[in-house]
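Welcome! Let us walk through this structure together, one sheet and one helix at a time.

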Amino acid sequence: MKKLINLSAAALFAFSALAHAEQLNVMTSGGFTAAYKILGPKFAAATGNTLDTQLGPSMGKAPEAIPNRLARGEHADVVIMVGYALDDLIKQGKVDPASRVELADSRIGLVVRQGAPKPDISSVEGLKKTLLDAQSVAYSDSASGVYIEQQLFKKLGVEDQLKPKAKMIPKVPVGSVVATGDYQLGFQQVSELLPVPGVTFVGKIPESVQSVTRFAAGIPVGAQHPKEAKALLDYLAAPAAQADVQATGLDSVKR
């Protein structure tokens, strides 16, 4: 009888959780998306909540960009994006500062078309030679691409040589335009390069010229389900999630 009562209580608890399950609206930026696609369904299965997800860059002029979505009045319970872009939204009063959670660090890597020779970018000189020898170079329109365009080329002393053959690619993964052969080299955050078919991952650019992008998340002011949103953020940042985070090419945040 006691066992039956316990089973009934468990069933009642599960029913109660499902009865109070909510749909969370999540906006996430590319760099953390691969990890989110693994962890999000696990969170949903564990809690009964459902996730309605919108993808978009952390910044830029594209209408899909998270700040532009919020400016249009689109609703979100959670935003996952580049840390300094999230800080801008906090300063603007659009995201609760107390909700900010550090998620992962992302580094820039390189891909070539599948079957093409892999260049040596293990040193700064190797990276510089690879860029100068390339016929065409693509990079993203988010944080890593801004760094490449405004800082990396200057650091390497190749800015003038790269201007005619390097291009920022909006909206689509950089790897996709390398896979089709439209561009010879593709630079983006590693976690955004690895899922793309038709390309070969060469490696990360040297640490001395690397740009590490911190991904963070927060809860917009006026979110409809802040309690459930916090539970999602805690889940994504938990120690138990780090194996999945690292498997997508991201680095765990030291806490």
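Strand β1 (residues 23–28) runs parallel to β3, and three bridges pair the two. One partnership to look for is Met-27, whose bridge partner in β3 is Val-79. Please keep in mind as you look around that this is a predicted model.

Both strands belong to an open sheet of six strands, ordered β2-β1-β3-β10-β4-β11, in which the pairing is mixed. At its edges are β2 (50–55) and β11 (251–252), each of which pairs on one side only.

Two helices can be found lying on these strands. Helix α4 lies across β3 and β10 and runs at about 130° to β3. Helix α10 lies across β1, β2, β3, β4 (101–106) and β10, and runs at about 40° to β4.

Now take a closer look at α4. Which residues of helix α4 (residues 83–91) are buried? They are Gly-83, Ala-85, Leu-86, Leu-89 and Ile-90. Seen down the axis of α4, these buried residues fall within an arc of 160°, so they line one face of the helix. A general rule helps here: an α-helix has 3.6 residues a turn, so residues three or four places apart point the same way. The buried residues of α4 pack against α3 (66–71), β3 (78–82) and β10 (213–218). Just after α4 comes Gly-93, which takes a positive phi of about 80°.

Helix α10 (residues 226–237) also packs with helix α2 (residues 30–47), at an angle of about 120° and with the axes 10 Å apart. Their crossing is right-handed. From α2, the contact is made by Phe-32, Leu-39, Lys-42 and Phe-43, while α10 brings Glu-228, Ala-231, Leu-232, Tyr-235 and Leu-236. Sorted by class, this contact of α2 with α10 has seven nonpolar, two charged and no polar residues.

Next, the other sheet. Five strands form an open sheet in the order β7-β6-β8-β5-β9, again with mixed pairing. The edge strands here, each pairing on one side only, are β7 (166–169) and β9 (199–204). On average, neighbouring strands of this sheet are turned by 25° against each other, direction ignored. Within the sheet, β6 and β8 run parallel and are joined by three bridges. Tyr-139 stands opposite Phe-187 in β8. Helix α6 packs on the sheet, where it touches β5 (108–113), β6, β7 and β8, and its direction makes about 125° with that of β6.

Helix α5 (residues 124–133) has two contrasting sides. Gly-126, Leu-127, Thr-130 and Leu-131 are buried. They cover an arc of only 135° around the axis, which puts them on the same side of α5. On the other side of α5, Glu-125, Lys-129 and Asp-133 are exposed. The cover over the buried residues of α5 includes β6 (137–140), α6 (143–156), α7 (159–162) and β8 (185–189).

Here are the arcs of the two helices side by side.

| Helix | Arc of its buried residues |
|---|---|
| α4 | 160° |
| α5 | 135° |

One last stop is a loop residue. Where does Lys-171 lie? Lys-171 is in the loop between β7 and α8 (174–179). Although Lys-171 is not a glycine, it has a positive phi of about 75°. Is Lys-171 buried or exposed? Lys-171 is exposed, because its relative accessible area is 62% and exposed means over 50%.

Conventions:
Residues numbered from 1 in each chain as written. Predicted model: local features only at pLDDT ≥ 70, side-chain atom pairs only at ≥ 80, totals over all residues. Heavy atoms only, no water. Buried < 20%, exposed > 50% of the residue type's maximum accessible area, 1.4 Å probe, protein only. Helix = DSSP H or I, 4+ residues; strand = E, 2+ residues; numbered from the N terminus. Arc of directions from axis to C-beta. Contact = heavy atoms within 4.5 Å. Pairing = 2+ DSSP bridges. Axes fitted to C-alpha atoms, helices over the stretch in contact; angles between N-to-C directions. Left-handed = near helix turned anticlockwise from the far one by under 90°. Nonpolar A, V, L, I, M, F, W, Y, C, P; charged D, E, K, R; others polar.
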